[in-house]
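User: Please take a close look at the cysteines in this structure, and set them against the chain as a whole.

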Amino acid sequence: MLPIAMIVGILFHSQIGYVAFLSPYLIFIMLLITYCKVSFNHFRVDGSMWWLLAIQVVGASVVYLLLRLWNVEVAESIFICIFCPTATAAPVITGMLGGKVERVATYSLLSNLVVALTAPVILALMNDSGSVDFAESFMRIAVSVLPLILGPLVISMALKLTFPRVREEIAQHQGLSFYIWAVALIIVVGNSVSFLMKEPASCLPEIAVIAVLSLAACLAQFYFGRRIGARYGDRVAGAQSLGQKNTVLAIWLALTYLNPIASVGPACYIAWHNTVNSIQIYKRAKSGML
């Protein structure tokens, strides 16, 4: 389903703009379905999350400093692929793969908050003009990210207190979130393809390098996330927490504060991490566990 969704997004990219506004609503619904299955008593920060955050923030900064010696635009692009937080839909995929949804939901909240707090400072240092305003950028990131994460969480908690039967009914339809995610993926991929097609031909070699390095960053993050997760009892949660990224936010950050070509990295990352997800889901379905 996910590869088909990506192909549809590519083929109909010029029409996707008419329905692009639906993306946040689809993500909101997916998270609501997922959170209705979650036991909020299990929300807690454990040691694995500090390791994941270290890779996300410190690791991204180290990669940037090393690549910057070769090419600044490439360095910015790969930096944002590592630095951007966990995707708001990561708990959905984690649930499908049999991982602990609560752990990924907790890390998703934590990683988005850390990015909201650190992005203005880090991007100001990377920006030549040093003109990034902390209050403005903090509010723009917070306003674009937190409602998507906290809104479904609040509604789910409210349903538990007021209409528990409705919450239970929603929780029993977890499979629906998969198809909603496929529709959201069509929209995101279509938007990314439209953006890439606007780039001049002279940028193609650099785009190719960024695409390859973003693939390497994607595979590395899934690998290290799985290794860290295994040490704390949940490989799936660790891999999805670090490997599945909020690419919509990443593209916005790149276009707003970095060289526009840096947005190519997260645009390609959309294909890479969803290809990894589709392979994982296919294997789990084939084994009869989905």
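Analyst: A residue counts as buried when its relative accessible area is under 20%. Cys218 has a relative accessibility of 0%, so Cys218 is buried. The model is a predicted one.

Cys36, at 3% relative accessibility, is buried as well, because that value also falls under 20%. As for bonding, Cys218 takes part in no disulfide, and the cysteine sulfur nearest to it, that of Cys81, lies 8.8 Å away. A disulfide needs two cysteine sulfur atoms within 2.5 Å. The structure as a whole contains zero disulfides.

The setting of these cysteines is a helical chain. The protein chain has 14 helices and zero strands, and read from the N terminus its elements are α-α-α-α-α-α-α-α-α-α-α-α-α-α. Its radius of gyration is 18 Å, close to the 19 Å that the globule rule gives for 290 residues, so the chain is as compact as a globular protein of that length. Along the principal axes, the C-alpha atoms fill a box of roughly 55 × 40 × 35 Å.

Burial extends beyond the cysteines: 53% of the 290 residues in the protein chain are buried. Of the contacts between residues at least 6 apart in sequence, 82% join residues at least 24 apart.

On the outside, the protein chain has an accessible surface of about 13,500 Å², and carbon and sulfur atoms account for 70% of that area. The chain carries 18 positive and 12 negative side chains, with the centres of the two sets 15 Å apart.

Key: Residues numbered from 1 in each chain as written. Predicted model: local features only at pLDDT ≥ 70, side-chain atom pairs only at ≥ 80, totals over all residues. Heavy atoms only, no water. Helix = DSSP H or I, 4+ residues; strand = E, 2+ residues; numbered from the N terminus. Rg over C-alpha atoms; globule rule 2.2 N^0.38 Å. Buried < 20%, exposed > 50% of the residue type's maximum accessible area, 1.4 Å probe, protein only. Contact = heavy atoms within 4.5 Å. Areas by Shrake-Rupley, 256 points an atom, 1.4 Å probe, with all protein chains shown as cover. Lys, Arg positive; Asp, Glu negative; His and termini not counted. Charge placed at Lys NZ, Arg CZ, Asp CG, Glu CD.
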